[in-house]
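Biologist: I'm new to this one. Can you walk me through it?
Modeller: Sure, here it comes.

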Protein chains: 2
Amino acid sequence: MAKNSDNEKAITIYDIAKEAGVSPSTVSRVLTNSVNVRPEKRERIEALIEKYNFRPNAMAKGLSDTRSRVLGVLMADIRNPFYSAVYVACENAALARGYRVILSCTLGETEREIEQLDIMKQQRVESIIQIGGRVDAVITDSSYIKKAKEISAQLPIITSGKIDEVSCYRVVIDANEAIRLLTEHLIGLGHERIALVGGRLDVISTYEKYMTYCRILKEHGIPINKRYVYEGRYDYDAGYSGVQELFAMKEKPTAIIAINDFCAAGVIRKLIEDGYRVPEDVSVVSYDNTYITNLIFPKLTSIDYDYETFGKMLADTAIDVANGMSVPTFRTVTPRLVIRESSAARK
Amino acid sequence: MAKNSDNEKAITIYDIAKEAGVSPSTVSRVLTNSVNVRPEKRERIEALIEKYNFRPNAMAKGLSDTRSRVLGVLMADIRNPFYSAVYVACENAALARGYRVILSCTLGETEREIEQLDIMKQQRVESIIQIGGRVDAVITDSSYIKKAKEISAQLPIITSGKIDEVSCYRVVIDANEAIRLLTEHLIGLGHERIALVGGRLDVISTYEKYMTYCRILKEHGIPINKRYVYEGRYDYDAGYSGVQELFAMKEKPTAIIAINDFCAAGVIRKLIEDGYRVPEDVSVVSYDNTYITNLIFPKLTSIDYDYETFGKMLADTAIDVANGMSVPTFRTVTPRLVIRESSAARK
DNA sequence: TGCACATTTGAAATCGGTTTCAACAAATCA
DNA sequence: TGATTTGTTGAAACCGATTTCAAATGTGCA
């Protein structure tokens, strides 16, 4: 049975050295493959490593290295499919460059967030990737800002969002382009009464979207109706209640831009419950292009961010900065429209 | 701007000690709060810690501690909502007991899996939690088995599945109970032509479900029709093509048990495309009770595992075993039926 | 004031690797 | 053959914390 306690100490290079009749330095040289070791000794050492399944203690190694080759990834909740997609892409990119990643989910608790930043510092991560930019917890808690400021003075923070008052490298989705794609897609389909559902205007990216939405409507000579903007959270319920409110109006929207796929699912649900057909009566589109888009009925038209590229850009920035390379402090990811079944020409 | 290179060395207890005019030991005593330190010195030291935002190097700490207080969690893919739910629950439970967690996704690549096991060993994790039991990669790769065997000889492995030939602690969902709940639920609704869609019978838990399904049908005097069992993967497509095949038959099923929520989404999609109504014409139920159940239309009846409890059981087992406590090598989690809209009485 | 005892403290060893430096051995060259 | 260069090796220092041990200091009581 799997060993159920930590009784026997782990093998060390000293043990290997003694049994092989060489010095620890020589064992280390075999491990790091740094300089020549006489073949016969090398073989003896390798045989012992194999025999005992020896693996060098990462703490000891980390102590003598100046570099940790570890990145920290901080996010609200890995259960969110957007976050998990970015995370996996980040991890892949980091691994490809010889870095490990430590993940931390804060579940929106500021205390935990602060604590985790400290832990990452103790782990001597080379940089911290913050995914989400405090989108989920809109309240910019001052104790968090203080900690983030402190940390950012000592190691680079790369974020997909923005942290108030904290200077960091930003790899950001081009929100203007995203909303432009959606709005023009809908306008192209003949829609004019286009509603925005979910998201809060005090969150930067959401506000940017709103502004661009207004600009584009104006460009097309479509009047802006503030009542077509339903603020709310970033979830299913926001979509559901958004429809409830919007469709109580006389001039009902013919198209809805939901703030993400969850929200869109709520939107569609409520529409169907109320007897509307999607997309025949109402078109619904959203952001994120998570796998949810393919699960629901009808399949969702959504904005894709190319997670592989996005995650890679985050990880590469983190690693480049840690290696002292000069890196732009602001980079954008260009979104792409994926048309599926939920949007169609206006009747 | 965030420091863009690792030029200045980090502060150490020696720096603090020198500036405070005490020995490093005293600084360490303040950090660990182990013994008394004269209040005036303690204050001076604490002030310096604050001043420099000093955080002790985790490597150095880890080197002198015999215990790492770290668990490793290995899984196929964190993007799977089932896995991410279990992961978060695990992490919460571990954190509550003062343990950190390192996550590793193998994305089904055996090579990566083996590599990550080694990394965890190097990190001196106290035990390894394997979520998924190689369900996703049915092929039990011999090189993986070999590595897992080697590892399990040195540190405890806790799994939610099963690893061939490798002895480990198992915390397993009671598959028999799960299928019993679903089958009896459907029979209670008057269904007799109940199909199984998705999953492969060479995966233990799937096979167990099949066997119990047969037993229960027999108990109720319902004839077993092997053609109602559609083997496939654990995804949307399996559900989709399952319906395609099953509904080409003359005696069409009136109820479907999908192997998980993804699969159920595919099932429902194809049913609707083909003009069936759910649940009026066909009832659909599944396992896992992920948030997908609430996103799709109709909302899915599914089997819940109480992720908090499940994750906690995994983490607690891992920690208890690491602490030499005697722990049962087999524990089960009792599933619970959550009835939603997708199942109804047979017409 | 002096002795016994408790509290605080620093020096040094330790954890397990890597790396520098100097010594030694082998190979090359004159 | 002897001098020079190159290749291997081990001893010891180092990374940054914790911990043991013994010394130094402080306190209580006669």
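Modeller: One term to begin with: a residue is near a molecule or strand if one of its heavy atoms lies within 4 Å of it. Also, this is a predicted model, with local features needing pLDDT of at least 70 and side-chain atom pairs counting only at pLDDT 80 or more, while totals for chains, interfaces and linings use all residues. Residues are numbered from 1 along each chain as its sequence is written, chains are lettered from A and ligands numbered from 1 in the order in which they are written, and side-chain values use heavy atoms, with hydrogens and water left out.

Biologist: How many residues surround DNA strand D, and which are the closest?
Modeller: There are 27 around DNA strand D. The closest are Thr26(A), Arg29(A), Asn36(A), Ile13(B) and Ser28(B). Of the strand D atoms that come within 4 Å of the protein, 62% belong to sugar and phosphate.

Biologist: Which base atom of strand D does Tyr14(B) approach?
Modeller: A base nitrogen, which lies 2.9 Å from a polar side-chain atom of Tyr14(B). That is a polar contact, meaning a pair of N or O atoms within 3.5 Å; within protein, one must be able to donate a hydrogen and the other to accept it, and residues adjacent in sequence count only if both atoms are side-chain atoms. Ser25(A) has a side-chain N or O atom 3.2 Å from a base nitrogen of strand D. Ser28(B) goes to the backbone of the DNA instead: its side chain has an N or O atom 2.4 Å from a phosphate oxygen of strand D.

Biologist: Which helices make up that surface?
Modeller: H2 and H4 of chain A, plus helix H1 (13-20), H2 and H4 of chain B, each supply at least two residues near strand D. Helices (H or I, at least four residues) and strands (E, at least two) are DSSP runs, numbered from the N terminus.

Biologist: Now strand C. Which residues are closest there?
Modeller: Ile13(A), Ser28(A), Thr26(B), Arg29(B) and Asn36(B), out of 27 residues that surround DNA strand C. Ser28(A) has a polar side-chain atom 2.4 Å from a phosphate oxygen of strand C. Thr26(B) also has a polar side-chain atom 2.4 Å from a phosphate oxygen of that strand. Arg38(B) uses a backbone N or O atom, 2.8 Å from a phosphate oxygen of strand C.

Biologist: What kinds of residue sit near strand C?
Modeller: Ten nonpolar, eleven polar and six charged. Here Ala, Val, Leu, Ile, Met, Phe, Trp, Tyr, Cys and Pro count as nonpolar, Asp, Glu, Lys and Arg as charged, and the others, Gly among them, as polar.

Biologist: Switching topic. How many residues of chain A are in contact with chain B?
Modeller: 76 residues of chain A are in contact with 76 of chain B, where contact means heavy atoms within 4.5 Å. The two chains bury about 6,500 Å² between them, 56% of it on carbon and sulfur atoms. Buried area is the accessible area (1.4 Å probe) that two parts lose on being put together, summed over both.

Biologist: How many salt bridges are there between the chains?
Modeller: Six. A salt bridge is a side-chain nitrogen of Lys or Arg within 4 Å of a carboxyl oxygen of Asp or Glu. One pairs Glu91(A) with Arg112(B), with the closest N and O atoms 3.9 Å apart. Another joins Asp118(A) and Arg55(B), at 2.9 Å. That pair runs from helix H6 of chain A to the loop between helix H3 (39-52) and H4 of chain B.

Biologist: How are the two chains related?
Modeller: Chain A can be laid on chain B with an RMSD of 0.0 Å by a turn of 180° and a shift of 0.0 Å along the axis. The copies are thus related as by a two-fold rotation axis. They were superposed by least squares on the C-alpha atoms of residues with pLDDT of at least 70 in both.

Biologist: Which residue of chain A comes closest to that axis?
Modeller: Met59(A), with its C-alpha at 2.2 Å.

Biologist: Last one. Where is there a cis peptide bond?
Modeller: One joins Phe297(A) and Pro298(A), with omega about -5°. Pro298(A) lies in the loop between H12 and strand E10 (301-304) of chain A. Another joins Val278(B) and Pro279(B), with omega about 10°.
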